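Here's a quick look at a protein model, with strands, cores and pockets in turn. Have the viewer open as you read.

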Amino acid sequence: MACDCREVKDLKKVQREHFEIFPLIFVGAVDQLNDDGTYTFKLIELFKGNPSDSLIHGKPEGYCYSAPRESDYMWLVYATPNDDGSITIESCSLSRSYYFPYISNEKVAVPPPSLFYNDNEDKTIMLLEAEIATFDYKERALNVLRAEIEQLRRWRDKKGS
């Protein structure tokens, strides 16, 4: 089964909806990954919610979830706590890692490298150009992530005052 995520056409609108809908929003560092798919985030910055601990435990649940794959990476997480206090990251949410900061249901995907070249010199340059394009795209995605975190801070601070 595949996730049936709606396409993100108006990112600012979806960000605001996520802020209203999800009861727990935070930046966390992946602290632990377990063989059973469970994981733990160390809370770095809280935008919304009241976690009972600075360690937030997560688990895969259902068929439409995301989960950290590498330790020590930072994530922006939008979550709804499960009955047991753990979280499950929904694939269709704006949750994402700093390492792979792309919004999964955006229309624009990571650009693929070009596979067409005439000789070894062309191949060398084409591969470099593909790497540059990938880094440019990642830089744009990281800037979107930074702006989103700055907006979450403003909403949090406005709500708290």
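## Strand pairing around β5

Let's start with one residue pair: Leu 76 sits opposite Arg 96 of β7. The two strands involved, β5 and β7, pair antiparallel through two bridges. Keep in mind throughout that this is a predicted model.

β5 (residues 74-81) also runs antiparallel to β1 (residues 24-33), and six bridges join that pair. On this side, Phe 26 stands across from Val 77 in β5. Then there's β6 (residues 87-90), again antiparallel to β5, with two bridges between them. Thr 80 has Thr 88 in β6 as its bridge partner. The β5 and β6 hairpin leaves five residues between the strands, and Gly 85 there takes a positive phi near 90°.

## Two nonpolar cores

The largest nonpolar core counts 16 residues, and the ones with the most contacts inside it are Ile 25, Phe 47, Leu 76, Tyr 78, Leu 94, Ile 149 and Leu 152. Two or more residues each come from α1 (11-21), β1, β5 and α2 (120-160). α2 gives the largest share, with four residues. So what does Ile 25 touch, leaving aside its neighbours within four places in sequence? It is in contact with His 18, Phe 19, Leu 46, Phe 47, Lys 48, Leu 76, Val 77, Tyr 78 and Leu 152.

Apart from the largest core lies another one, of twelve residues, including Phe 26, Trp 75, Val 77 and Ile 87. Two of these names are familiar from the strands, where Phe 26 stands opposite Val 77.

## The largest pocket

If you're after pockets, the largest has a volume of about 420 Å³. Its lining has 17 residues, and nearest the centre are Ala 67, Arg 69, Trp 75, Ser 97 and Phe 100. Trp 75 also belongs to the twelve-residue core. β4 (65-66) and β7 (96-97) each put at least two residues into the lining. By class, that lining has eight nonpolar, six polar and three charged residues.

## The second largest pocket

The second largest pocket holds about 170 Å³ of space. Which of its 13 lining residues are the closest to its centre? They are Leu 24, Pro 51, Ser 52, Pro 81 and Gly 85. Gly 85 is the hairpin residue with the positive phi.

Strand β3 (residues 55-58) contributes the largest share of this lining, three residues. Seven nonpolar residues, five polar and one charged make up the lining of the second largest pocket.

Definitions and conventions: Residues are numbered from 1 along each chain as its sequence is written. This is a predicted model: local features need pLDDT of at least 70, side-chain atom pairs count only at pLDDT 80 or more; totals for chains, interfaces and linings use all residues. Side-chain values use heavy atoms; hydrogens and water are left out. On a 1 Å grid over the protein atoms alone, a cavity is a set of points where a 1.4 Å probe fits but cannot get out, and a pocket is an open set with protein on both sides within 12 Å along at least five of seven lines; lining residues have an atom within 4 Å of a point. Grid points are joined across faces, edges and corners, and a volume is the space filled by probe spheres set on the points. Ala, Val, Leu, Ile, Met, Phe, Trp, Tyr, Cys and Pro count as nonpolar, Asp, Glu, Lys and Arg as charged, and the others, Gly among them, as polar. Two strands pair if DSSP finds at least two bridges between them. A nonpolar core is a set of buried Ala, Val, Leu, Ile, Met, Phe, Trp, Tyr and Cys residues joined through side-chain atoms within 4.5 Å. Buried means under 20% relative accessible area, exposed over 50%, partly exposed in between (1.4 Å probe, protein chains only). Contact means heavy atoms within 4.5 Å.
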